[in-house]
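Colleague: I should like a close look at a single part of this structure. Please take one helix and describe its surroundings.

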Amino acid sequence: MPEAMVATRDAKPADATAQQVDVAVVGAGFAGLYLLHRLRKAGFSAVALDEAGDVGGTWYWNRYPGARCDILTVDYSYTFDPELETAWTWSEKYATQPEILRYLGFVADRYDLRRDIRFHTRVKEARWDEASERWLLTTDNGAPVSCRHYIMATGCLSTPKPPEIDGVKDFKGEVYFTGRWPHDGVDLKGKRVAVIGTGSSAIQSIPLIAEQATHLTVFQRTPNFALPAHNGPVPADRASLLQADRAAYREQARWSLAGVPLPQQTVVSWQLSEAERRARFEDAWSKGDLVHMLTQLWADQGVDVDGNRLVCDLFREKIAATVKDPDIAAALMPDDHPFGAKRPCLDTNYYATYNRPNVTLVNLRQEPIKAITSGGITTARRSVDLDVIVFATGFDAMTGAIRAIHPITGRGGRSLSDVWAQGPQSYLGLTVEGFPNLFMITGPGSPSVLSNMAVSIEQHVDWVVDRLAGLRAAGFTTMEPTETAQAGWGRHMADCAGLTLHRLANTWYTGANVPGKAQGVMPYTGGVGPYRSICDEVVTRGLLGFRLKGPNGAEQCNDGEVVRLQPDVRLVLNLLASLNLPPIESMGAAGARAFVGEFNKGRPAGRPIGEIVDGTLPGADGPLSYRLYRPATPGPHPIVVYFHGGGWVLGDEQSDEPFCRDMVRRTGMIFVSVNYRHAPEHRFPAAAEDGHAATRWIADHAAELGGTPSPVLVAGWSAGGNIAAVTCQLARDRGGPAIAGQLLVCPVTDCNFDRPSYTENATGYFLTRSLMDWFWDLYCSPADRTDPRVSPLRGKVSGLPPAFIVTCEFDPLRDEGIAYAEALAAAGVPVEQLKARGQFHSSYTMVDVVITGVPGRVQMAQALRRFAGLPPDIARSDERGQVQANPGHRIEAAAS
Ligand code: NAP
């Protein structure tokens with residue numbers, strides 16, 4: 001149904017004097033311009049409103065000396081029109097603010113956009129009118145606007161933060177804000193200048209201000225990481241890639257993590273030698289590319305404190321090598337946040353500027369500003385006389401421009417400020433429950449500032465305009481997310497943020513730079529490509545999580561949460577799905593073993609530990625190989641007998657190596673992984689009997705293995721969890737060995753497939769119902785399946801060692817694991833459960849791949865240590881020191 005027809009149904013316009021449009025847009029920067037173009041092409045009437053005197057958005061306002069793009073400008077461009085791409089050529093690798101502003105003016109001219117923009121016009125208020133289903137905007141210049149849809153293209157960093165320092169009004173000299181720099185420039189020659197702040201704006205402008213000013217004093221609260229831009233022509237490698245296949249280059253950017261066509265790193269820091277790491281860092285340093293430095297060194301640089309610390313150390317070396325005065329160098333070295341957790345900067349001569357005689361660095365951590373006076377700035381230790389103060393103090397980021405500039409009142413009179421009082425809530429960072437037909441381009445909750453904004457803007461604009469066209473075609477008039485969808489998105493956002501190191505820094509990403517602002521990671525940290533696929537999935541699943549309404553009570557709502565998996569689990573499962581693998585059960589046992597062997601070759605081997613020793617031990621019916629994993633700490637250590645997963649059919653003593661290594665590091669205990677006999681060659685009860693026999697032998701030989709005297713502990717994953725559970729029952733019934741505790745990770749505990757988890761998770765989560773069927777068939781005849789040696793849930797469960805039982809939400813085995821935990825608890829066995837939300841059957845053993853498994857493994861390790869009578873935590877620093885003290889362990893040398 002055409003929008004015009006919908007509009008005629010309105011009883012009367014909300015305000016007869018208002019400008020009537022289908023869509024109103026706030027902002028005429030990168031996002032607003034493309035929106036106008038797309039809306040027009042889609043047949044919507046639209047107006048954009050902007051306080052500025054011309055197009056450009058952030059590039060209109062930020063005219064301070066040195067203002068440049070800090071992402072390669074060939075990447076920071078529109079890609080929607082191939083002709084536009086070839087009609088404009090950037091002169092530099094990092095274009096200046098004037099050149100970018102010219103580009104945006106060129107785009108506005110080319111598509112004749114200015115005729116629909118009202119400049120010098122600020123929206124004072126926006127109110128949803130339920131009766132007409134339209135937004136009514138009042139402005140400070142000209143007619144109000146009545147629109148069906150209201151789109152915020154306000155940018156993420158457009159509302160400067162107030163100075164928050166007493167006395168600014170008393171200062172008799174000149175005061176400037178980098179974010180509102182005078183259009184006719186500022187002459188700083190012969191002047192004593194202060195710059196407050198050392199973020200991106202300051203770091204770009206300080207070297208140029210120092211060249212002009214008589215003296216420059218920089219007031220630094222937090223030192224920041226800065227990388228030299230090495231500006232010049234567009235790098236030849238990128239230019240030739242672009243020219244070779246422009247469409248493929250752009251497409252790669254769209255599906256990348258940061259919106260720049262760079263691959264995802266897979267090698268983790270500890271797989272590289274120090275020399276290799278240094279070489280990678282030097283290469284990144286010489287490239288002068290922030291996104292490269294942020295993503296291409298090693299895979300754990302942004303998710304692991306240790307992997308990140310290596311980068312920080314290398315940065316600090318560079319600062320020390322550039323800044324001649326060691327005290328100034330030390331003051332410039334960031335030490336309170338991981339690299340990348342606060343927005344790093346791109347500079348030209350920044351650190352070298354501090355070697356100039358006319359530049360002074362004031363470290364506000366040691367001497368905070370007491371006041372700004374009429375003549376300058378007074379700190380706890382000095383008074384600095386000044387002619388000019390430049391505030392490079394940043395922005396009320398992400399929410400400021402949406403929330404602070406004007407009241408937005410949604411359905412039922414709800415104010416967006418109130419709804420966001422505890423931090424921004426949104427669905428997809430695009431929409432807010434209670435605010436129908438309100439859209440945010442690169443809003444909080446979307447990748448926005450953690451991405452190449454040009455790519456994220458185009459994705460959002462396309463998504464929104466396509467939805468508006470879809471609504472119109474289907475005859476709906478309003479679109480609004482549901483509470484369920486929004487709450488789910490909030491959880492997914494938190495899951496993603498938990499993977500990163502952003503939580504370890506106070507930054508504008510988290511709202512920490514604005515006193516009193518609610519704190520929390522505001523941008524979506526899951527990456528541009530994954531985010532795009534989620535937005536697409538919302539559409540393919542019938543606009544999942546949106547309620548659409550139309551005339552005569554027409555309504556459509558497919559409610560639900562778009563991502564319930566942990567973010568890394570989602571990536572792993574999507575990757576597996578894309579491989580289109582044949583079902584494992586179709587491969588035969590030998591084929592399946594070969595497949596799993598190949599699959600395991602591609603995974604990270606696991607972090608260094610003290611020692612790995614292979615041996616054999618007597619099983620129930622012949623020798624079994626084992627692999628012993630020893631911590632780097634001095635022994636003797638408690639021993640955990642470990643049984644690997646693989647449905648009694650697959651795997652061996654090495655197949656869960658990353659898990660064993662990780663648990664050894666976390667527990668400080670020895671893990672002995674036993675290669676029990678497998679089906680179909682050795683059917684039930686071979687594996688169970690081997691489990692018990694091996695545990696008894698290990699307990700009897702604990703001292704020889706470097707262990708503390710018994711009791712031992714047992715642990716296992718999947719079918720290995722089954723064997724561990726059965727071993728505890730057999731040990732209780734057969735006079736030993738004494739077992740101090742059992743860790744059962746996603747264990748098989750029963751032969752019954754009727755529990756809901758078997759239906760809900762029958763397919764799609766790697767371990768399928770049909771695969772479990774196959775495993776059972778190979779291992780155990782139907783007549784034996786209720787035997788407690790394979791279905792321990794059916795055995796006597798009292799008198800067992802304390803248990804820690806892990807179950808995963810998206811695992812067919814979930815409910816039988818829970819049932820076992822409940823049965824043990826009912827029988828008086830001390831039991832702790834970890835019911836892992838969003839995880840799948842393999843989450844915890846995919847160490848260094850499923851990073852969200854870390855907290856769960858920490859809990860498992862703590863439980864094992866408690867069972868062994870040790871304090872729950874092992875100090876990480878001890879662990880590192882001890883690894884260094886034992887560098888020569890056998891297998892490690894080969895592995896790293
Ligand atoms: P910013 O990164 O937030 O930096 C503000 C600086 O001012 C920080 O050093 C901050 O210290 C300091 N500061 C704030 N309030 C202060 C106070 N009351 N007293 C003393 N110091 C204070 O702001 P920005 O430099 O304008 O950059 C914001 C973002 O805009 C960047 O991170 C980047 O994303 C974007 N940007 C991009 C470009 C580009 O593409 N070329 C250029 C400029 C900006 P604390 O760190 O201690 O809070």
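Modeller: The following account concerns helix H8 and its packing. This is a predicted model, in which local features need pLDDT of at least 70, side-chain atom pairs count only at pLDDT 80 or more, and totals for chains, interfaces and linings use all residues. Residues are numbered from 1 along each chain as its sequence is written, and side-chain values use heavy atoms, with hydrogens and water left out.

Helix H8 spans residues 246-254 and helix H7 residues 236-244; helices are DSSP runs (H or I, at least four residues), numbered from the N terminus. The axes of H7 and H8 come within 5 Å and cross at roughly 115°. These axes are lines fitted to C-alpha atoms over the stretch in contact, with angles running from 0 to 180 degrees between N-to-C directions. H7 is therefore roughly perpendicular to H8, a term covering 65 to 115 degrees.

H7 contributes Arg238, Leu241, Leu242 and Ala244 to the contact, and H8 contributes Arg246, Tyr249 and Arg250; contact means heavy atoms within 4.5 Å. Of these residues, four are nonpolar, none polar and three charged, where Ala, Leu and Tyr count among the nonpolar and Arg among the charged.

Within H8, Tyr249, Arg250, Ala253 and Arg254 are buried, that is, under 20% relative accessible area with a 1.4 Å probe, protein chains only. They lie on the same side of H8 because they cover an arc of only 140° around the axis, taken from the directions from the helix axis to the C-beta atoms. These buried residues pack against H7, helix H4 (82-87), helix H16 (453-474) and helix H18 (528-540).

Notes: Helices (H or I, at least four residues) and strands (E, at least two) are DSSP runs, numbered from the N terminus. Angles under 35 degrees count as roughly parallel, over 145 as roughly antiparallel, 65 to 115 as roughly perpendicular and the rest as oblique. Buried means under 20% relative accessible area, exposed over 50%, partly exposed in between (1.4 Å probe, protein chains only).
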